[in-house]
Amino acid sequence: MNKQPSVRANVIATLEKIHQGQSLSSLLDGLLNATQDNERGFAHELLLGTLRQWHAISRIGESLIKIPPSDVSITCALNMGIYELIYMSTPAYAVINETLNAVKELDKSYGVGLINAILRKVATSPEKFAKKINKNHSLPNWLAKQLKSDWGVYYEPIGQSLRQVAPVFLRVNPKYITLDEYAKKLADASIAYDILPLGVGDECVIKLVDGVRIAQLPNFTDGYVSVQDRHAQLCGHILSTLNLPDELKVLDACTAPGGKLAQLLELSGVGKFHVKRIIALDNDEKRLSRVHDNLLRLSLTDGVQVIYADGRTYQSDIPFDMIVLDAPCTATGVIRRHPDIALLRDEQDIVQTVQLQAQILANLWQNLKVGGYLLYVTCSLLKAENEYQLSNFLNAHSDAKVVDFDLTLLNQIKQSVGYQCLPFDNDDGDGLYYGLLQKIAV
């Protein structure tokens, strides 16, 4: 029988695939399914940890190597080994031996000498190298430069935050239970949590303190609660501050995986608005299946039409009272959750994304009735995709005006249009942007 590849060999192979352009989300389940139950936590930390610290570790490796390896898998193995030496509790001799064995498994024995030499050097002074790695950001230089330009004094805390493990926040379904009542269920189940302000009105959010299997949360399968980022939960509550007509007709564009859609439906009739009909569209059929699954679990299928369509060309037979556009973006605000983004994106992606956003925004605006609202949302930290995008749109559309709203947390930064929410520490939500427009008669 052929011996199954070791965990480290599989992690190296996965890192190499990400460098070739595949996403972490498309690869992670495959890695974990190929790993025995008692080693899945180790594999998960080794892979995601190496990705989070990739650029900082790479700079250390580059300083120690005269001629960089031409084979990216050797760099993957080296960075993985350095990560485990510095951030995990594995004895140094085991890290070195098992990393070298993994390289041999992958038929890359020509890299053994280099990896052995570098890992042994790091192992002699792990504290010194840890200090160097932790001192600065772990972002590609182009992104660090752009963030420094966009955010100035906020740049340092953003850079440090993006290399941390993302916190887990819960969205409680008010159709079934209040936040305080659900918090009591967590306490009864001995699940540690904090209750934090959301930043709009007196709304709050639950943050899990310790790791827990999501499916084991009290009444999760019954639809009482969902996992959703702290800042992503602002969406429905921002809209609740508006004076909206009864029986809203809503378009949720670029909806997948459907978290904001579900929140709107949960708040409908409970909050300050009532959704009569909602169309949820996306141009990714695979991700739309997740929307269906989420709505079924939450029993929120009534009045919802989920369709496969392109936001650049979609035309409705009815004008909408409200459009939520969760616009495609470079996703730089969710690097904590998807650390492969820092490897997969480049500067050219910004230009292409800004063009795509502008096309979708201009087309969907035609589907909004006079007096209606459009909430523009991204999970990007870059002003070109956010504040500047809406400023350009306003300059080109005399029938659009900015609608002000208030966010109150220190990391929710008011812009000329809307708010940029920034991640500073482990209590903060992801880097999301919100801008609110209203269509006026001209």
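Helices (H or I, at least four residues) and strands (E, at least two) are DSSP runs, numbered from the N terminus. That naming covers every element on this tour.

What you have open is a predicted model, where local features need pLDDT of at least 70 and side-chain atom pairs count only at pLDDT 80 or more, while totals for chains, interfaces and linings use all residues. Residues are numbered from 1 along each chain as its sequence is written, and side-chain values use heavy atoms, with hydrogens and water left out.

**Stop 1: strand β6**

Select K276, which sits in strand β6 (residues 275-282). Is K276 buried or exposed? K276 is exposed, because its relative accessible area is 52%; the scale here is buried under 20% relative accessible area, exposed over 50% and partly exposed in between, with a 1.4 Å probe and protein chains only. Now show its contacts, meaning heavy atoms within 4.5 Å. Setting aside residues up to four places away in sequence, K276 touches E247, L248 and G303. For a distance check, draw a line from the C-alpha of K276 to that of V250: 26 residues apart along the chain, they are separated by 8.2 Å.

**Stop 2: strand β1**

Jump to V168 in strand β1. V168 counts as partly exposed because its relative accessibility is 30%. Leaving out neighbours within four places in sequence, V168 is in contact with I206, K207, L208, I214 and V227. Pick Q228 too: its C-alpha lies 7.6 Å from that of V168, although 60 residues separate the two along the chain.

**Stop 3: a pocket**

Keep β1 on screen and colour the second largest pocket, with a volume of about 520 Å³. Pockets and cavities come from a 1 Å grid over the protein atoms alone: a cavity is a set of points where a 1.4 Å probe fits but cannot get out, a pocket is an open set with protein on both sides within 12 Å along at least five of seven lines, and lining residues have an atom within 4 Å of a point. Grid points are joined across faces, edges and corners, and a volume is the space filled by probe spheres set on the points.

Which residues are the closest to the centre of the second largest pocket? Of the 25 that line it, they are P174, E203, C204, H237 and L267. The elements giving two or more residues to this lining are β1 (168-172), α11 (179-188), α12 (234-240) and α13 (259-267). By class, the lining has 10 nonpolar, 9 polar and 6 charged residues; Ala, Val, Leu, Ile, Met, Phe, Trp, Tyr, Cys and Pro count as nonpolar, Asp, Glu, Lys and Arg as charged, and the others, Gly among them, as polar.

**Stop 4: backbone oddities**

Next, zoom in on A256 and P257, which are joined by a cis peptide bond with omega of about 5°. P257 is in the loop between β5 (248-253) and α13.

Then try N219, in the loop between β3 (204-208) and β4 (225-227). N219 is not a glycine, yet its phi is positive, at about 55°. S299 also has a positive phi of about 55° without being a glycine, and you'll find S299 in the loop between α14 (285-298) and β7 (304-308). N219 counts as partly exposed because its relative accessibility is 23%, whereas S299 counts as exposed at 54%.

While you're there, click L296 in helix α14. L296 counts as exposed at 59% relative accessibility.

**Stop 5: the helices at the start of the chain**

Select L46 in helix α3 (residues 40-52). L46 counts as buried because its relative accessibility is 0%. Residues up to four places away aside, L46 touches R8, V11, M80, Y83, E84 and M88.

R8 also takes you on to α1: helix α1 (residues 7-19) packs with helix α6 (residues 92-105) at an angle of about 65°, their axes 8 Å apart. Axes here are lines fitted to C-alpha atoms, for helices over the stretch in contact, and angles run from 0 to 180 degrees between N-to-C directions. The contact is made by R8, A9 and I12 of α1 and E98, T99, A102, V103 and E105 of α6. By class, that is 4 nonpolar, 1 polar and 3 charged residues.

**Last stop: a cavity**

How many cavities of 30 Å³ or more does a search of the whole structure find? There is 1, and the largest cavity has a volume of about 40 Å³. Select V402, V403, D404, F405, K414, V417, G418, Y419, G435 and L436 to see the lining.
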